Amino acid sequence: MKAEKKQKPEEANVPVKTRIRREIIAWFWVGLAFLSINGAVGQARVIPSGSMENTLLIGDHLVMSRIGYDAGIPFTNVHFSLWRNPSRQQIVIFRPVIAGETSDVIKRVIGLPGETVDIREGSVWINGARLRENYTIGPTERGDPTMFRAAFEGQRDVFPYTVPPGCFFVMGDNRGNSLDSRFVGCIPRSHIVGTPVMIYMSIDAPPDSWGSGSISGRVFAYASALLHPGEIRWRRLFRLF
């Protein structure tokens, strides 16, 4: 006769404490995996201002890739720069260089390390050659010295500007409404954390809904979009970069 196979105890017979412990352990590993992926692979971001219009609109929700750019330890401010460097005209996300600011910033790379950037005749010039840009709104003007911050604070005339090693000169596409490297200087490579990959949601809501710390504003914007689907910019969804 064949030996009878031993059957595992039915779930109903497992003590409640054991089932709870198993659930806790399972969710612990799920959470740990999520935090690891979120810290080292990708994160979500929302656009709070019009500095990158019309490439990015206020209320665009982005998936950001950190692969090759930055790795961080969850729940800490510890970051490690990785091997990739952005190319010219690539959009990047970086930690702010202005003292006291905490929200990440998104701009487009214009000048690379060692290059000389000049702004004249309504355009950007790199090493004496005019840069072709078909994504900007309005002419490109030099920054007002009264608005200089960070590395440029207290200076009067910074152009032509030679980008230091390990730094990148960035600008917003909406040239008349962007606090960028014209005002704050270059962005150290160590501050760059990633690049946008895709727009997964875009909601036409008041700009203050997306500001840092505006939790109630965001909740209201999402609730309003559920009740009024017309506030969702459907044509922008799943747009890739």
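**A guided reading of the predicted fold**

The protein chain exposes about 14300 Å², of which carbon and sulfur atoms supply 60%. The structure is a predicted model. Its secondary structure comes to three helices and 14 strands. Of the 241 residues of the chain, 41% count as buried. Among the contacts with a separation of 6 or more, 62% join residues that stand 24 or more positions apart.

The interior may be considered next. In soluble globular proteins, nonpolar side chains tend to be buried together. The largest nonpolar core here has 20 residues, and those touching the most other members are Ile-110, Val-117, Val-124, Phe-159, Tyr-161, Val-163 and Phe-169. At least two residues of this core come from each of β7 (116-120), β8 (123-126), β11 (167-171) and α2 (181-184). β11 provides the largest share, namely three residues. Val-124 illustrates how the chain is brought together: beyond its neighbours within four places in sequence, Val-124 contacts Ile-110, Val-117, Asp-118, Ala-129, Arg-130, Leu-131, Glu-133, Thr-140, Met-171 and Arg-175. There is also a second, separate core of ten residues, including Leu-62, Ile-93, Ile-106 and Ile-199.

Rolling a probe the size of a water molecule over the atoms shows where empty space is left. The largest pocket has a volume of about 860 Å³. It is lined by 34 residues, of which Pro-48, Ser-103, Asp-104, Val-105 and Ile-106 are the closest to its centre. Two or more lining residues are given by each of β1 (42-46), β5 (91-94), β6 (105-111) and α2. By character, the lining divides into 18 nonpolar, ten polar and six charged residues. Ile-106 thus appears both in the second core and among the residues closest to the centre of the pocket.

The backbone also merits attention. Most residues other than glycine have a negative phi, and most peptide bonds are trans. Two peptide bonds that are cis can be described here. One runs from Glu-53 to Asn-54, with omega near 0°, and Asn-54 lies in the loop between β1 and β2 (60-65). Another runs from Phe-159 to Pro-160, with omega near -5°; Pro-160 is placed in the loop between β9 (129-130) and β10 (161-162).

Positive phi values occur in residues other than glycine as well. Glu-121 has a phi near 55° and sits in the loop between β7 and β8. Because its relative accessibility is 59%, Glu-121 counts as exposed. Phe-238 has a phi of about 65° and belongs to the loop between α3 (215-227) and β14 (239-240). Phe-238 likewise counts as exposed, because its relative accessibility is 56%, and the threshold for that class is over 50%.

Conventions. Residues are numbered from 1 along each chain as its sequence is written. This is a predicted model: local features need pLDDT of at least 70, side-chain atom pairs count only at pLDDT 80 or more; totals for chains, interfaces and linings use all residues. Side-chain values use heavy atoms; hydrogens and water are left out. A nonpolar core is a set of buried Ala, Val, Leu, Ile, Met, Phe, Trp, Tyr and Cys residues joined through side-chain atoms within 4.5 Å. Buried means under 20% relative accessible area, exposed over 50%, partly exposed in between (1.4 Å probe, protein chains only). Helices (H or I, at least four residues) and strands (E, at least two) are DSSP runs, numbered from the N terminus. Contact means heavy atoms within 4.5 Å. On a 1 Å grid over the protein atoms alone, a cavity is a set of points where a 1.4 Å probe fits but cannot get out, and a pocket is an open set with protein on both sides within 12 Å along at least five of seven lines; lining residues have an atom within 4 Å of a point. Grid points are joined across faces, edges and corners, and a volume is the space filled by probe spheres set on the points. Ala, Val, Leu, Ile, Met, Phe, Trp, Tyr, Cys and Pro count as nonpolar, Asp, Glu, Lys and Arg as charged, and the others, Gly among them, as polar. Accessible areas come from the Shrake-Rupley method with a 1.4 Å probe; for residues, only the protein chains shown count as cover.
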